[in-house]
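Let us read a model together, one feature at a time. Bring your questions as we go.

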Amino acid sequence: MAESSYSGVRKASVLLLTLGSEKASKILKHMSDEDIERLTLELAKLEKVNDNEKKTVLSEFVTNFRAREFMASGGIEYARDMLEKAVGVEKALDILERLTTNLQVKPFDFLKKTDPMQLVNVLQNEHPQTIALILCYLLPKQAAQVIGSLPEGLKAEVVKRIAMLDKANPEVVREVERVLERKVSTFVTQDFAQVGGLDTVVEFMNSLDRTTEKEILDKLSETDPELAEEIRRHMFVFEDVVKLDDRSVQMVLREVDTKDLSRALKGSSEEIMLKITNNLSKRAGQLLKEEIEFMGPLRVVDVEEAQQKIVNVIRRLEESGEIFIARGGGEELIV
């Protein structure tokens, strides 16, 4: 179908007319006041629009929209290949020429899906001026993550050079982009799903029966004691205290220093507070609440340290068989 020779404003007006008032109003919400005024004026001037013009405008819109999708998902070459198959070589070239004029691809656009930490690995050995130039083209959040992860001596220098940047030579930008793209393709793996890691191990271990868990950790302690201890520390967190039965909580409380308990409960949830106070005498529970209330602000690190002390007590009591932590896989009970 031949492409419409009407102006862009008329085409847009015909498209809105074809879509209907409900869909058109949703589109207008995302447009500037100036564009809305121009389209409204054009719509008011429209008299009769025949079906052929509607079909032509709609077909052109769909083709252009598909072209933009092709460019976004696979770049110019991919878009050209798809469009040539869809509308022919001549029409494809015409569409791409217009789109690339209006749709300027931002330099370093290929980095937008790159993990910031992977990007740091690529950039940290580059000259500060080069890093500054690249970061100027990233999204602010992504650039901030990269800066925050750079070596200490490099952070301030890069920020300083970003502040001093004014204009960049397009040829220099293209050359830096070309070199970086090659390095990224070599060193950076994009869009890999996060799998494995300590959290995954902890999740698995918490689902094992106690016998299997102990067997694995004992064996791991022989080959990698640091990792074994790290897993142990993460297997039961302070918030899991609500999963303990009342008898176990009471045994833990007898082993815990009062100051550590009040620090650990600072800012904790109502559920945790109730679990603790319900296993104290009424008087002791009231005193604990008063101590927490009058304690004043605490550093997060101090709260976490106190919580870890309580977790260590829980783990020790479990190791000795004095308390029971419910786990998956069932437990062998001796009765």
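Q: What is the mean pLDDT of the chain, and how many of its residues reach 70 or more?

A: pLDDT is the predictor's confidence in each residue, from 0 to 100. Here the mean over the chain is 76, with 73% of residues at 70 or more. For residues 189-195 the pLDDT falls below 50, and this stretch has 6 contacts in the model beyond near neighbours in sequence (contact means heavy atoms within 4.5 Å). Residues 328-335 are also below 50, with 10 such contacts. Where pLDDT is low, the predicted coordinates should not be read in detail.

Q: Thanks! Any ground rules before we go further?

A: Two. This is a predicted model, in which local features need pLDDT of at least 70 and side-chain atom pairs count only at pLDDT 80 or more, while totals for chains, interfaces and linings use all residues. Residues are numbered from 1 along each chain as its sequence is written, and side-chain values use heavy atoms, leaving out hydrogens and water.

Q: How many helices and strands are there in the chain?

A: Helices (H or I, at least four residues) and strands (E, at least two) are DSSP runs, numbered from the N terminus. This chain has 18 helices and 0 strands. Of its contacts between residues at least 6 apart in sequence, 74% join residues at least 24 apart.

Q: At what angle do the axes of H15 and H18 cross?

A: Axes are lines fitted to C-alpha atoms, for helices over the stretch in contact, and angles run from 0 to 180 degrees between N-to-C directions. Angles under 35 degrees count as roughly parallel, over 145 as roughly antiparallel, 65 to 115 as roughly perpendicular and the rest as oblique. H15 (residues 258-265) and H18 (residues 300-319) come within 8 Å and cross at roughly 120 degrees, so the two are oblique to each other.

Q: Which residues of H15 and H18 meet?

A: From H15 come Asp260, Leu261, Arg263 and Ala264, and they meet Val303, Ala306, Gln307, Lys309 and Ile310 of H18. Asp260 itself touches Ala306, Lys309 and Ile310, leaving aside residues up to four places away in sequence.

Q: Are Asp260 and Lys141 buried or exposed?

A: Buried means under 20% relative accessible area, exposed over 50%, partly exposed in between (1.4 Å probe, protein chains only). Asp260 is buried, at 14%, whereas Lys141, in helix H8 (residues 140-149), is exposed at 66%. Across the chain, 31% of the 335 residues are buried.
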